[in-house]
Amino acid sequence: MVKINGEEFNAQGKTVAEYLAGAGYDQKRIAVELNGEIVPKSKYGETALRDGDSVEIVSFVGGG
């Protein structure tokens, strides 16, 4: 299981890009932290999620 934003998901084996696409995230407006480290957007397609990983996904919201 992979903990994503505090919830457990069966996402191990997927890449960050695969998970984000399946979950409906707009990859242009988010940041992803994997086990305490920011994942560069250029690495989403090659960064695999593993059992026990912890992921935080933060969406950017405009305002003023």
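Strands here are DSSP runs of E with at least two residues, helices are runs of H or I with at least four, and both are numbered from the N terminus. With that in hand, N5 can be placed in the loop between β1 and β2. Please keep in mind that this is a predicted model.

## Strand pairing

Let us start with β5 and its partners. β1 and β5 run parallel and are joined by two bridges. One residue pair to look for is K3 with S54, its bridge partner in β5.

β3 also pairs with β5, this time in an antiparallel arrangement with five bridges. Here L34 has V55 of β5 as its bridge partner.

## The helix and its two sides

Next comes α1, where V16, A17, Y19 and L20 are buried. These residues lie on the same side of α1, because the arc they cover around the axis is only 165°. A general point helps here: an α-helix has 3.6 residues a turn, so residues three or four places apart point the same way.

The buried residues of α1 pack against β1, β2, β3 and β5. A21 and G22, on the other side of α1, are exposed. Just after the helix, G24 has a positive phi of about 85°.

## The nonpolar core

The largest nonpolar core has 15 residues, and the members that touch the most others are L20, V32, Y44, L49, V55 and I57. At least two core residues come from each of β1 (2–4), α1 (16–23), β3 (30–34) and β5 (54–59). The most generous contributor is α1, which gives four residues.

I57 is a good residue to centre your view on. Setting aside residues up to four places away in sequence, I57 touches I4, N5, Y19, L20, Y25, I30, A31 and V32.

## Two buried threonines

T15 sits in the loop between β2 (7–9) and α1, while T47 is in the loop between β4 (37–39) and β5. Is T15 buried or exposed? Its relative accessibility is 15%, so T15 counts as buried, the limit being under 20%. T47 has a relative accessible area of 16% and therefore is buried too.

The two threonines touch one another: T47 is among the residues that T15 contacts beyond four places in sequence, along with Y44, G45, A48 and L49. On the same basis, T47 is in contact with K14, T15, V16, L34 and V39. The side chain of T47 also has a polar atom 2.7 Å from the backbone oxygen of K43.

## Two asparagines with positive phi

Now back to N5. This residue is not a glycine, yet its phi is positive, at about 50°. Its relative accessibility of 32% is the reason why N5 counts as partly exposed. As seen above, N5 is also one of the residues that I57 touches.

N35 is found in the loop between β3 and β4. Its phi, near 50°, is likewise positive in a residue other than glycine. How accessible is N35? At 45% relative accessibility, N35 counts as partly exposed.

How values were computed:
Residues are numbered from 1 along each chain as its sequence is written. This is a predicted model: local features need pLDDT of at least 70, side-chain atom pairs count only at pLDDT 80 or more; totals for chains, interfaces and linings use all residues. Side-chain values use heavy atoms; hydrogens and water are left out. A nonpolar core is a set of buried Ala, Val, Leu, Ile, Met, Phe, Trp, Tyr and Cys residues joined through side-chain atoms within 4.5 Å. Buried means under 20% relative accessible area, exposed over 50%, partly exposed in between (1.4 Å probe, protein chains only). Contact means heavy atoms within 4.5 Å. A polar contact is a pair of N or O atoms within 3.5 Å; within protein, one must be able to donate a hydrogen and the other to accept it, and residues adjacent in sequence count only if both atoms are side-chain atoms. The arc is that of the directions from the helix axis to the C-beta atoms. Two strands pair if DSSP finds at least two bridges between them.
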